Amino acid sequence: MPQQNAIHRVDYTPPVFLIEFVDLLVNVDAERTRVRATLKLRRNGAGSSLTLQGAELTTEGVWLDQRRLPDTAYRIEGENLILEQVPDRCELTTEVLIQPAANTALEGFYQSGEFLLTQCEAEGFRKITWFSDRPDVMARFRVRMEADATRYPVLLSNGNLTAAGKLPECRHFAVWEDPFPKPSYLFAMVAGDLQCRQERFRTASGREVDLKLYTEAPFLDQVDYALSALKRAMAWDEKRFGLEYDLDVYHVVATSDFNMGAMENKSLNIFNTKFVLAAPDTATDHDYQDVESVIGHEYFHNWSGNRVTCRDWFQLSLKEGLTVFRDQEFSADLNSRALKRIEDVRLLRSMQFAEDAGPMSHPVRPDSYIEINNFYTMTVYQKGAEVVRMYHTLLGEEGFQRGMKTYFERHDGQAVTCDDFRSAMADANGRKLEQFERWYSQAGTPVVTASGHYDGAHYTLTLSQHTPPTAGQPDKQPFHIPIRFGLLGRDGSALEPRLISGECAGDVLELREPEQTWVFGGLGQAPEPSLLRDFSAPVTLRWESGRPDPAFLMAHDSDPFNRWDASQTLASEVIFAALDGDSGPLEGYLAAAGRLLADDTLDPALTAEALRLPDVAYLAESLKPLPVEALQQTWNSLKQTVGARYAQELRIRYDDEVPRLTYQPSATMAARRALNGRCLDLMVASGDCELALAQYRSAGNMTDRLAALNPLVLQNTEYAAELLKDFFDRFSHHPLVMDKWLTLQASVPEGATLERVKQLLSSPVFSLRNPNKVRALLGSYSRNLPAFHVAGGAGYEFIADQVLKLDRINPQVTARLVSAFNGWRRLDSERAALAQAQLERILAAPELSPDVYEIVSKALAGPVEEAA
């Protein structure tokens, strides 16, 4: 990878000029929007020239202190507008033309359906006007929008509406002013014929805030849940963090064309419809949970991201990791904390651990990038949230809140770094957290190895840590790892050990050295250790000696996460043993599964999760070379065995009252539906389709309908084609439901799926220009182990074909798709050669985007281990 193309964190320098105020005049039109920007500039450092960024702009003129400059007074070099000898304080005006309707990359100002909107994070504002497009340049904005009143009756931007009125020729205007300084990535603007739902929220201090959610008319009846979730998020943030909203209005706009999930622009959030629209007949329990979580996430950014933002894009996790933690806590407080933790860790292990082990491995705070859009990753978001959670584990709720208070008091209105956050946590609690910085600077997933021994009087626990090498980081220093633990007696009761040697804060061991030992007394019996409770650190735990019996933990551990984790350990051992021809662990797992089914005192949702097998993608990370067909077949076989062994018990646990009840998106009812769905999944695996068919045909909500349809299609039953047609006939008018239809067909785990996916490319419900459709069909296919890795390499060639087509339309979405090749070195030699050939073919394509170039070149540069 050419080093001159990369941007490095160590090269950061403060901006030469700051922008104190921005005055925008935007003449809105889909084909030709005119933007006149006036910037009040103030010198901030050494250097005589002013450099602004812009892309895909037609520049009509440049004025300095109201004097039009000749073309010779400035120069445009690539994406830079450069002026020499600029006064220390000045006013610069530029006028440009842009083409929203032609903007298929969906960055900057673009068209979605019949309305126009922006997406500026990370570097989209430069596609609207010339600007110092970096997060440490924070300015106040005033925006005057003018547009055709018939075509664009709604005109929105950040802040408060200060003026509006009519103009000649059926046009109108609106003026928006944001009193808070913000970086350009938080700028937002919307123009269109949109409908609105409105509510009000009274803050803790008694202020009234207007809440307005805009969408296209056909979807207006599906936004009520999102509005109620917003009010819950605002109340929760006041109660848990003492943070109150700071403007008079809060707007949310939903669009079907969006590269990401949502965007936290100050007072004007823009959302993918996937995370706003929810109705019982079209959205599942999981969709409702996602709406609540993402609505909360973007609202929480008002403080952790907007009021305090990141100095540069290397600090992205400063706002994203912290805000993911906050939205996780929001969901946990309002629903099942145990279930939320399990869901988050399942995602982390299946996707982020793979990222840590692959060619795009990078620290939570990356050191370099070619295209910043490629670093909106599981590492920055989910692992970043785990880093924040470790602060909470080490400091406790009170200490963590002290640190948050210090952070906001010190840095409100500033652009800061991950080190500033760590310092606030340390200073507020009188703790030394220098070693903790390695969580930001070192890539990879640490492996913690445990050894336990009981000598009749004392229990000795030794923990060691090692982090495998990653690209550019062959040697790792020890992390500061909090290990939450407990010791259980033979009857499953909690023991209360006395610490004899080693340091321990309550139930948290702090592993700082390559190896440490703790000795406990006062037990009276050999304990069963329960380590890494609540998944207290993003590590892999292995036992060298004295490993607890997973079946015992599954039955007795008081920590819900570790009970679930024990079920995953048992299932994984069965699958790995079966791949080696050993059926020894099977009966132990089946007995444990039977006990789960028989225990009706457990939370049904936790039972459903414990009966769910580990994700194939997670299992695949432990295997090299990857036995593609054998792994999927073994996984299928275990599910079929469980279903057959407990056929009667599954029918007993299936609650036939649930599908008859009126749908409520409550945690209690969602738990009952989840267990029903798991029962159906296991029954269909064993060949018993009766209840699944009955539930599909009588379903009164999307959760019950998909819980029945999914196993009948994924397990390729004789009913699949008929039911898929019925589903299409019922819901072909609803875009988000059709995404589920596409995803389901692309996820059937067999080689023949490829031909079906090829046919679906020409379906009227698919478009290569829509990110949701691409993710639903092509993204789902590329994650389908036996389908993507079908023998002969046809799956690789197909995805490479789509990558080359899509890159000319939307590079950001394409980069996500091509990442499916990142694990190619784990394949057998024949498949690895076929995948490598497609990567080389992509890399050789002319005019490849930087987004795709970075992913592909790093995958080919290969790293730490060679193909098997």
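**Exercise 1. The sheet that holds β25**

Task: in this predicted model, find the order of the strands in the open sheet that contains β25, and state which strands stand at its edges.

Solution.
- Step 1. Read the order across the sheet: β28-β31-β26-β25-β33, five strands with mixed pairing.
- Step 2. Look for strands with a single partner. These are β28 (498-501) and β33 (540-545), so each has one side without a neighbour in the sheet.
- Step 3. Take the twist from one strand to the next; its average is 30°.
- Step 4. Check one pair. β25 (residues 447-454) runs parallel to β33, and five bridges join the two. Within β33, serine 545 is the residue opposite serine 451.

**Exercise 2. The sheet that holds β17**

Task: for the open sheet containing β17, work out the strand order and the edge strands, then say which helix packs on the sheet.

Solution.
- Step 1. The five strands are ordered β17-β18-β19-β21-β20, and the pairing is mixed.
- Step 2. β17 (195-202) and β20 (262-263) each pair on one side only, which identifies them as the edge strands.
- Step 3. From the β17 edge, the pairing with β18 (residues 208-215) is antiparallel and has eight bridges. Tyrosine 214 in β18 is found opposite cysteine 196.
- Step 4. Helix α1 packs on this sheet and touches β17, β18 and β19 (249-255). The direction of α1 makes about 25° with that of β17.
- Step 5. Further along, β19 and β21 run parallel and are joined by five bridges. Threonine 255 has asparagine 272 in β21 as its bridge partner.
- Step 6. At the other edge, β20 pairs antiparallel with β21 through two bridges, and methionine 263 is opposite isoleucine 270 in β21. The hairpin of β20 and β21 has four residues between its strands; serine 267 in this hairpin has a positive phi near 65°.

**Exercise 3. Burial in the β17 sheet**

Task: decide whether threonine 215 is buried or exposed, and how many residues of β21 are buried.

Solution.
- Step 1. Place the residue: threonine 215 belongs to β18.
- Step 2. Apply the cut-off, under 20% relative accessible area for a buried residue. Threonine 215 has 0% relative accessibility, so it counts as buried.
- Step 3. List its contacts beyond four places in sequence: Leu194, Gln195, Leu220, Val223, Ala254 and Leu277.
- Step 4. Turn to β21 (residues 268-272). Five of its five residues are buried, so the strand is largely enclosed by the rest of the structure.
- Step 5. Sort the β21 residues by direction. Leu268, Ile270 and Asn272 point one way, while Asn269 and Phe271 point the other way; all are buried.

**Exercise 4. Two helix pairs**

Task: classify the packing of α1 with α2 and of α3 with α5 by angle.

Solution.
- Step 1. For α1 (residues 224-241) and α2 (residues 285-300), the axes are 9 Å apart and the angle is about 50°. That angle makes α1 oblique to α2.
- Step 2. The α1 and α2 crossing is right-handed.
- Step 3. On the α1 side the contact includes Tyr225, Leu230 and Trp236; on the α2 side it includes Tyr288, Ile295 and Phe300. By class, the contact has 12 nonpolar, one polar and three charged residues.
- Step 4. For α3 (residues 316-334) and α5 (residues 378-411), the axes come within 8 Å and cross at roughly 75°. This makes α3 roughly perpendicular to α5.
- Step 5. Among the residues in contact are Leu318, Leu322 and Phe325 in α3, and Val388, Phe400 and Met404 in α5. The α3 and α5 contact has 12 nonpolar, six polar and four charged residues.

**Exercise 5. A buried aspartate and an enclosed helix**

Task: find what aspartate 287 touches, and which helices the buried residues of α24 pack against.

Solution.
- Step 1. Aspartate 287 sits in α2. Its relative accessible area is 9%, so it is buried.
- Step 2. Beyond four places in sequence, aspartate 287 is in contact with Lys274, Thr282 and Lys740.
- Step 3. In α24 (residues 811-818), seven of the eight residues are buried, so the helix is largely enclosed by the rest of the structure. They are Pro811, Gln812, Val813, Thr814, Ala815, Leu817 and Val818.
- Step 4. These buried residues of α24 pack against α21 (771-782), α23 (794-806), α25 (829-843) and α26 (850-861).

Definitions and conventions: Residues are numbered from 1 along each chain as its sequence is written. This is a predicted model: local features need pLDDT of at least 70, side-chain atom pairs count only at pLDDT 80 or more; totals for chains, interfaces and linings use all residues. Side-chain values use heavy atoms; hydrogens and water are left out. Two strands pair if DSSP finds at least two bridges between them. Axes are lines fitted to C-alpha atoms, for helices over the stretch in contact, and angles run from 0 to 180 degrees between N-to-C directions. Angles under 35 degrees count as roughly parallel, over 145 as roughly antiparallel, 65 to 115 as roughly perpendicular and the rest as oblique. A crossing is left-handed if the near helix is turned anticlockwise from the far one by less than a right angle, and right-handed if clockwise. Contact means heavy atoms within 4.5 Å. Ala, Val, Leu, Ile, Met, Phe, Trp, Tyr, Cys and Pro count as nonpolar, Asp, Glu, Lys and Arg as charged, and the others, Gly among them, as polar. Buried means under 20% relative accessible area, exposed over 50%, partly exposed in between (1.4 Å probe, protein chains only).
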